[in-house]
Amino acid sequence: RGLGMTARTEKRPRRAKSAFTIRGRDGHDRRARLTDKENTMRALIVVESAFGNTASIAEAIASALTEKGAEANVAPADRAPSDPRGYGLVLVGAPTHNRGLPTPSTRRTARKKGAAVPDAGVLEWIAGLNPEALATSRVLAFDTVIKRHSVMAGSAAKSAVRKLGRRGVPAECGESFLIASGAQALKPGEMERAAEWAATLI
C-alpha cells in the first residue's frame with residue numbers, strides 16, 4: 001500500500017453454527033450445536049489386531065474420516081485411554097476369535113501361529129472403561145471375520161456391543177470385513193469397503 005493510505009479492515013460475517021448427530025447414553029440421537037472452533041468431529045478408533053488385518057482396516061477408516069474433515073486417532077486397545085472424553089465418534093474393532101472377542105486363551109493360540117498379539121485387547125479395554133466418558137459419543141463396533149453373517153463364524157463386533165451394553169454404553173454393530181480363509185490376509189476390496197463405510201459415519 002502507498003504511504004498515507006489507511007488500510008481498512010473489513011469484518012467478516014460470522015459463520016453459522018453447524019450441527020451433527022451424537023448418541024447419548026440413553027441410546028437416542030441428540031443434536032450438538034458447535035461453534036466454528038468446535039466443528040471438527042473427533043474420532044477415536046480402538047483396535048486389537050493379531051495378524052495386522054484389523055489394524056489395516058482401522059487405518060483405512062481413519063484415513064477416510066480424515067478426508068471427510070474429522071480428526072481421527074487410532075489407538076491399540078492395550079494402550080487406548082480408559083476415559084476417552086471429547087470424542088463424538090468412537091469405533092471399536094477386533095478380529096473374531098472363537099465366534100467372539102479375542103481372549104487370553106485365543107491370543108496364545110494366535111501367537112503359536114505367528115501373530116504378534118499383546119497381552120490385553122478390546123475385552124480388557126471394555127472392562128476398564130469409564131462409561132461416563134462415552135455419555136455423548138456415538139459408539140460402533142467392527143470386526144474381521146472369515147465369513148460374514150455366519151452363525152458358525154460368529155462376530156467380535158456383536159460381542160463387543162453386548163459387553164459395552166453391560167457396562168452401560170449403548171453401541172451399534174458396524175461392518176464385518178472379510179479375511180481370506182487360510183491366508184491370514186484381507187480379501188481384495190475390503191480396505192476400500194472400510195473407507196466407504198467410514199465416509200458414511202460423518
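This section describes a sheet, the helices that lie across it, and two loop residues in a predicted model.

The sheet is open and is built from six strands, in the order S4-S3-S5-S6-S7-S8, with mixed pairing. Strand S4 (71-76) and strand S8 (185-186) stand at the edges; each has a single partner strand, so one side of each is left without a neighbour in the sheet.

Strand S5 (residues 89-95) is joined to strand S6 (residues 138-145) by seven bridges, and these two strands run parallel. Within this pairing, Leu-91 stands opposite Leu-140 in S6, and Ala-94 has Asp-143 as its bridge partner in S6. S5 also pairs with S3, again in a parallel arrangement, through five bridges. Here Ala-43 stands opposite Leu-89 in S5.

Strand S5 is mostly covered, as seven of its seven residues are buried. In a regular strand the side chains alternate between the two faces of the sheet. For S5, one side carries Leu-89, Leu-91, Gly-93 and Pro-95, the other side carries Val-90, Val-92 and Ala-94, and the residues on both sides are buried. Both faces of S5 are therefore covered, with "buried" meaning under 20% relative accessible area.

Two helices were examined for their direction relative to the strands. Helix H1 (residues 53-67) lies across strand S3 (42-47), S4, S5, S6, strand S7 (172-180) and S8. The angle between H1 and S3 is about 175°. Helix H5 (residues 190-199) lies across S5, S6, S7 and S8, and runs at about 165° to S7.

Helix H4 (residues 156-166) has several buried residues, namely Ala-156, Ala-157, Ser-159, Ala-160, Val-161 and Leu-164. The buried residues of H4 pack against strands S5, S6 and S7 and against helix H3 (122-127). Just after H4, Gly-168 takes a positive phi of about 90°.

The N-terminal end of H4 is capped by Ser-155, which has a side-chain oxygen 3.3 Å from the backbone nitrogen of Ala-157. The side chain of Ser-155 also reaches the backbone nitrogen of Lys-158, at 3.1 Å. Ser-155 lies in the loop between S6 and H4. With a relative accessible area of 10%, which is under the 20% cut-off, Ser-155 counts as buried. A polar contact of 2.6 Å links its side chain to that of Asp-143, the residue that is the bridge partner of Ala-94. When residues up to four places away in sequence are not counted, Ser-155 touches Thr-96, Arg-99, Gly-100, Asp-143 and Ser-176.

Gly-182 is found in another loop, between S7 and S8. The relative accessible area of Gly-182 is 81%, which is over the 50% cut-off, so Gly-182 is exposed. Gly-182 and Ile-146 are 36 residues apart along the chain, and their C-alpha atoms are separated by 9.0 Å.

In summary, S5 is paired in parallel with S6 and with S3, and both of its faces are covered. Of the two loop residues described, Ser-155 is buried, whereas Gly-182 is exposed.

Key
Residues are numbered from 1 along each chain as its sequence is written. This is a predicted model: local features need pLDDT of at least 70, side-chain atom pairs count only at pLDDT 80 or more; totals for chains, interfaces and linings use all residues. Side-chain values use heavy atoms; hydrogens and water are left out. Two strands pair if DSSP finds at least two bridges between them. Helices (H or I, at least four residues) and strands (E, at least two) are DSSP runs, numbered from the N terminus. Contact means heavy atoms within 4.5 Å. Axes are lines fitted to C-alpha atoms, for helices over the stretch in contact, and angles run from 0 to 180 degrees between N-to-C directions. Buried means under 20% relative accessible area, exposed over 50%, partly exposed in between (1.4 Å probe, protein chains only). A polar contact is a pair of N or O atoms within 3.5 Å; within protein, one must be able to donate a hydrogen and the other to accept it, and residues adjacent in sequence count only if both atoms are side-chain atoms.
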